[in-house]
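Trainee: Please take a close look at one part of this model for me. I would like the sheet and its pairings, strand by strand.

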Amino acid sequence: MSYARFGEFSDVYIWGDGEYLFCDLCKLNDRRVQRFASRREMLEHLFQHRRIGHLIPDFAIERLEYEIDQYGDDYAATAKQSSADYGRQILANLEEMIGDSA
Ligand SMILES: [Zn+2]
């Protein structure tokens with residue numbers, strides 16, 4: 001599940017596999033992957049990218065901050081729950097949009 005993908009507004013590809021969070025092809029790490037078990041460490045890593053001018057989408061930062069607030073720092077312990085909640089949230093938003101336009 002990805003937090004941010006490479007693109008016009010993003011110099012990072014951030015994703016998690018349920019055990020670790022990854023910064024893939026990391027420009028701070030010679031294009032090698034960086035791996036974190038801690039959401040705070042990933043957040044700090046994203047701020048490091050920003051400090052040297054890399055583009056990091058706000059939603060990636062906001063989502064990590066939200067998850068730290070809701071689930072705590074330990075990604076592996078709460079990854080399943082947080083991604084299930086996130087999926088439900090997206091679905092609820094879609095249903096609301098469809099309901100509004102009907
Ligand atoms: Zn990185």
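Mentor: Start with one rung of the ladder: Ile14 has Cys23, in E3, as its bridge partner. That rung belongs to the pairing of E2 (residues 13-16) with E3 (residues 21-26), which is antiparallel and has four bridges. Two strands count as paired if DSSP finds at least two bridges between them. Strands (E, at least two residues) and helices (H or I, at least four) are DSSP runs, numbered from the N terminus.

A caution on the source: this is a predicted model, where local features need pLDDT of at least 70, side-chain atom pairs count only at pLDDT 80 or more, and totals for chains, interfaces and linings use all residues. Residues are numbered from 1 along each chain as its sequence is written.

Now the turns. Four residues link E2 and E3 in a hairpin, and Gly18 in that turn has a positive phi of about 95°. E3 and E4 also form a hairpin, with five residues between them. There, Asp30 in the turn has a positive phi of about 60°. E3 and E4 run antiparallel, joined by four bridges. Cys26 stands opposite Arg32 in E4.

Step back to the sheet. It is open, with four strands in the order E1-E2-E3-E4 and antiparallel pairing. E1 (2-4) and E4 (32-36) stand at the edges with a single partner strand each, so one side of each has no neighbour in the sheet. The twist averages 25° from one strand to the next (axes are lines fitted to C-alpha atoms, for helices over the stretch in contact; angles run from 0 to 180 degrees between N-to-C directions).
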